[in-house]
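Please find below some notes for a colleague at the bench who wants to read this model with care. They are set out as numbered points.

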Amino acid sequence: MLAKIGRNDPCWCGSGKKYKICHQTFDERIARIASQGHKVPSRKIIKNAAQLAGIRESCKINIAVLDYIEAHIHEGMNTAEIDQIVYDMTRRMGGIPAPLHYQGYPYSVCTSVNDQVCHGFPSKDVVLKSGDIVNVDVSTILNGYFSDSSRMFCIGEVSPEKKRLVEVTKECVELGLKEVKPWGFLGDMGQAVHDHAFANGYTVVREIGGHGVGLEFHEDPWVSYNSRRGQEMLMVPGMTFTIEPMVNMGKVDIYVDDKNKWEVYTADGLPSAQWEIMVLVTEDGHEVLCW
Ligand code: MF3
Ligand code: CO
């Protein structure tokens, strides 16, 4: 049970404002929607202005690192070089790569090539060659605030089929983003992502989704792209989460590398693509925090 807050008490969000002019009406609205049987966010995932300012600073590093990689990634480069760049740049800007040692993850970044779905280990043995598609997934901690986003890169001459997979996956994220607004549901976004992938003959990985992010690397909610409009958690101002569908050219099935328990591959060996953005639900829509 939540302690009852008086109308003139300071709001629970930490804004310093009185409850009655801050989150009281908001709480009443959430309680009404919860009573209709919907999943609603807990207070601890709703960020205040000061927390958002910290998160935005973290996001600046994430974006800068991905911009640098975008400008320098090339055929013949190995993915351990990308790992080194991410580590060096993040540290130089005062941040910490969030993946490093996270639940035992041994690198600063995930680099997932072709049929690797996610969590690909950077390695000097993985040399990028013409025709490869690669996801570089960067996450940063700055002053305790987390950011997380990823982009796809096409190396040299990529086949039209793979190029289309990369482009459609990006469109999935953009269409999902359009559905992000307060008092909607995460399923509105999830269905938009899924429908576009499906309409293009692709499948969307079920077992791994997006997540709340900001005060922790992975917070509530878990974000599915196999959800339906009007379902899943209510979106409210101050929520921050990722949209990061993994879209497979072929079958939906995946497997995890038996030896390292991290790297995820498509079961049929066909390529998979992923873009990840981090979004904030605002009073009147959304703000992309990093991409
Ligand atoms: N950035 C990814 C995510 O969306 C990958 C997790 S990083 C790892 O959560 F450390 F867990 F590999
Ligand atoms: Co993520």
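The points below take up the ligand, the metal site and then the strands.

1. On conventions, this is a predicted model, in which local features need pLDDT of at least 70 and side-chain atom pairs count only at pLDDT 80 or more, while totals for chains, interfaces and linings use all residues. Residues are numbered from 1 along each chain as its sequence is written, chains are lettered from A and ligands numbered from 1 in the order in which they are written, and side-chain values use heavy atoms, with hydrogens and water left out.

2. Around ligand 1 there are 14 residues, of which Asp-137, Asp-148, His-211, His-218 and Glu-244 come nearest; a residue is counted as near if one of its heavy atoms lies within 4 Å. By class this shell holds six nonpolar, four polar and four charged residues, where Ala, Val, Leu, Ile, Met, Phe, Trp, Tyr, Cys and Pro count as nonpolar, Asp, Glu, Lys and Arg as charged, and the others, Gly among them, as polar.

3. Which side chains place a polar atom 3.2 Å or 3.0 Å from a nitrogen atom of ligand 1? Ser-139 does so at 3.2 Å, and an N or O atom in the side chain of Asp-148 does so at 3.0 Å, whereas Glu-276 has a polar side-chain atom 3.3 Å from an oxygen atom of ligand 1. Taken alone, ligand 1 exposes 330 Å², and the protein buries 96% of that; these areas come from the Shrake-Rupley method with a 1.4 Å probe.

4. The cobalt ion (ligand 2) has as its protein donors Asp-148 (OD), His-211 (NE2), Glu-244 (OE) and Glu-276 (OE), at 2.0 to 2.3 Å, and their spacing along the chain is D-x62-H-x32-E-x31-E. Glu-244 sits in the loop between β9 (240-243) and β10 (246-248), and Glu-276 in the loop between β13 (272-274) and β14 (277-281), so the pair ties together parts that are 32 residues apart in sequence. Donors here are N, O and S atoms within 2.8 Å of the metal (3.2 Å for Na, K and Ca), and water is not among the atoms, so sites may look incomplete.

5. Are these two glutamates buried or exposed? Glu-244 is buried at a relative accessible area of 4%, and Glu-276 is buried at 0%, where buried means under 20% relative accessible area with a 1.4 Å probe and protein chains only.

6. Strands are DSSP runs (E, at least two residues), numbered from the N terminus, and two of them pair if DSSP finds at least two bridges between them. Strand β2 (residues 110-113) is covered on both faces, with Cys-110 and Ser-112 buried on one side and Thr-111 and Val-113 buried on the other. Four bridges join β2 to the antiparallel strand β4 (residues 133-142), in which Asp-137 is the bridge partner of Cys-110.

7. A separate point concerns the open sheet of three strands, whose order is β6-β10-β13 with antiparallel pairing; β6 (203-204) and β13 are its edge strands, each pairing on one side only. Three bridges join β10 to β13, and Asn-248 has Ser-272 in β13 as its bridge partner.

8. Finally, Ser-147 belongs to strand β5 (residues 145-154) and is buried, with a relative accessible area of 0%. Its side chain makes a polar contact (a pair of N or O atoms within 3.5 Å; within protein, one must be able to donate a hydrogen and the other to accept it, and residues adjacent in sequence count only if both atoms are side-chain atoms) with the side chain of Ser-58, at 2.9 Å.

Terms used:
Buried < 20%, exposed > 50% of the residue type's maximum accessible area, 1.4 Å probe, protein only.
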